Amino acid sequence: TATNVNFNGHLDFAPDFTWLKCRVDPRDHRLFDTVRGATKGLYSNLANAQFTENSLIAFNTNGFSLGSAGNQNVSNEDYVSWNWKAGGTAVTNNDGTIASQVSVNKDSGFSIVKYVGNGTSGATIGHGLGAQPDIAFFKNLDHGGNYNWSVYSNTSATGATGLLYLNLTDAFTTTASRFNDTEPTASVITLGNDPTINDSGDDHIAYCWHSVAGYSKIGTYTGDGTTSGNIITTGFEPSFLLTKPAGPTGGYWYILDNKRSTTNPRNDALFPNDNLAEIESTNYNVDFLPTGFELKNNTIGYNQNNETYLYMAIA
């Protein structure tokens, strides 16, 4: 196993959020960010608390460095990393009733928000985006067990009346305890009193995005059960596509991209809620088009008839 491998040069920016996954073996997804600091990871597919290990050991000006831990750097194995640029060093945001530490890139519509919960329904945290978030992933950093990831989306598939779980396959669940039945504003997100998102004294993290014309689109579509013709318009050609059947059936989260699948159909899938190795299958066929994407399958993952799907596409 190699140690202290430097991935400088793989990126043309300094990442603030890096998501790592082994492609060839069933190993956990590992998520790192500059607000919590290198070596402090989370699993997207598990409810575990934050861990510290010698896996991603540094964020660099144009990449990141890896150590030897966590099976993220095994010799001759293939991996993928998805990377986002926020705003570098976090600053204190006092827009909410709870002060938050925020690193934000308004141009790309992405922010990382760290805060200490107070256990009070109606508490608010500033997110720094300057626009209402379209999707946000929340995790209690101090607790695992049944402290699942909470996913907010402002689409009709979820909204502030309920949530999805990033680490589970559940369909949309109606509950007021996560977001207090209150839609976020351009400056703050309202929290309920559920300890997974607002446990008193616990550290929490939120990854927040909103759609940016020509660059990203977050929304929903309805499956039609066909193998061609269901085209979702984004206004750009995606390079990254995250999807989730939100209801009524529910099911796995899926990630496709144009680096692992370099031509249409894109069908090399990884699964944020599962540690499975990459699976190439016609069941995942999706064509990336100049102005969106076309669903070339009729399976539950992408295009089951009358299923509602949440998606995030990035150019």
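Two strands pair if DSSP finds at least two bridges between them. With that in hand, let's work through a few exercises on this predicted model.

**Exercise 1. Find which strand holds the bridge partner of T220, and describe how β19 and that strand run.**

Solution.
- Step 1: Look across from T220. Its bridge partner is L310, in β27.
- Step 2: Now take the two strands as a whole. β19 and β27 run antiparallel and are joined by seven bridges.
- Step 3: Place this pair in its sheet. The order is β19-β27-β21-β22, an open sheet of four strands with antiparallel pairing.
- Step 4: Check the edges. β19 and β22 (254–257) each have a single partner strand, so one side of each has no neighbour in the sheet.
- Step 5: Add the twist. On average, and ignoring direction, neighbouring strands of this sheet are turned by 20° against each other.

**Exercise 2. Is S216 buried or exposed, and which residues is it in contact with?**

Solution.
- Step 1: Locate S216, which lies in strand β19 (residues 216–222).
- Step 2: Apply the cut-off. Buried means under 20% relative accessible area, and S216 has 6%, so it is buried.
- Step 3: List its surroundings. Apart from neighbours within four places in sequence, S216 is in contact with S108, H210, S211, F236, A313 and I314.

**Exercise 3. Work out which strands pair with β26, and what becomes of its two faces.**

Solution.
- Step 1: Start with strand β20 (residues 230–233), which pairs with β26 in the antiparallel sense over four bridges. Within this pairing, I232 has F293 of β26 as its bridge partner.
- Step 2: Turn to strand β25 (residues 286–289). It too pairs with β26 in the antiparallel sense, over four bridges. Here V286 has L295 of β26 as its bridge partner.
- Step 3: Look at the connection. β25 and β26 form a hairpin, with two residues between them.
- Step 4: Recall a general pattern: in a regular strand the side chains alternate between the two faces of the sheet.
- Step 5: Read off the faces of β26 (residues 292–295). G292 and E294 are on one side, F293 and L295 on the other, and all are buried, which leaves both faces covered.

**Exercise 4. Which residues have the most contacts inside the largest nonpolar core, and which elements give two or more residues to that core?**

Solution.
- Step 1: Begin with the general tendency. In soluble globular proteins, nonpolar side chains tend to be buried together.
- Step 2: Name the residues. The largest nonpolar core has 32 residues, and F17, W84, F137, Y207 and W209 have the most contacts inside it.
- Step 3: Trace the elements. Those giving two or more residues to this core are β2 (17–22), β8 (79–84), β11 (110–116), β13 (135–140), β18 (203–209), β21 (240–247) and β27 (308–314).
- Step 4: Look for another group. A second, separate core has 19 residues, including I98, V102, I125 and L191.
- Step 5: Zoom in on Y207. Residues up to four places away in sequence aside, it touches a set that includes F17, L31, F110, F137 and W149.

**Exercise 5. Where is W253 found, and which backbone oxygen does its side chain reach?**

Solution.
- Step 1: Find W253 in the loop between β21 and β22.
- Step 2: Judge its burial. W253 has a relative accessible area of 1%, so it is buried.
- Step 3: Follow the side chain of W253, which reaches the backbone oxygen of Y165 at 3.0 Å.
- Step 4: Compare chain and space. W253 and N273 are 20 residues apart along the chain, and their C-alpha atoms are separated by 6.2 Å.

Key
Residues are numbered from 1 along each chain as its sequence is written. This is a predicted model: local features need pLDDT of at least 70, side-chain atom pairs count only at pLDDT 80 or more; totals for chains, interfaces and linings use all residues. Side-chain values use heavy atoms; hydrogens and water are left out. Buried means under 20% relative accessible area, exposed over 50%, partly exposed in between (1.4 Å probe, protein chains only). A nonpolar core is a set of buried Ala, Val, Leu, Ile, Met, Phe, Trp, Tyr and Cys residues joined through side-chain atoms within 4.5 Å. Contact means heavy atoms within 4.5 Å. Axes are lines fitted to C-alpha atoms, for helices over the stretch in contact, and angles run from 0 to 180 degrees between N-to-C directions. A polar contact is a pair of N or O atoms within 3.5 Å; within protein, one must be able to donate a hydrogen and the other to accept it, and residues adjacent in sequence count only if both atoms are side-chain atoms.
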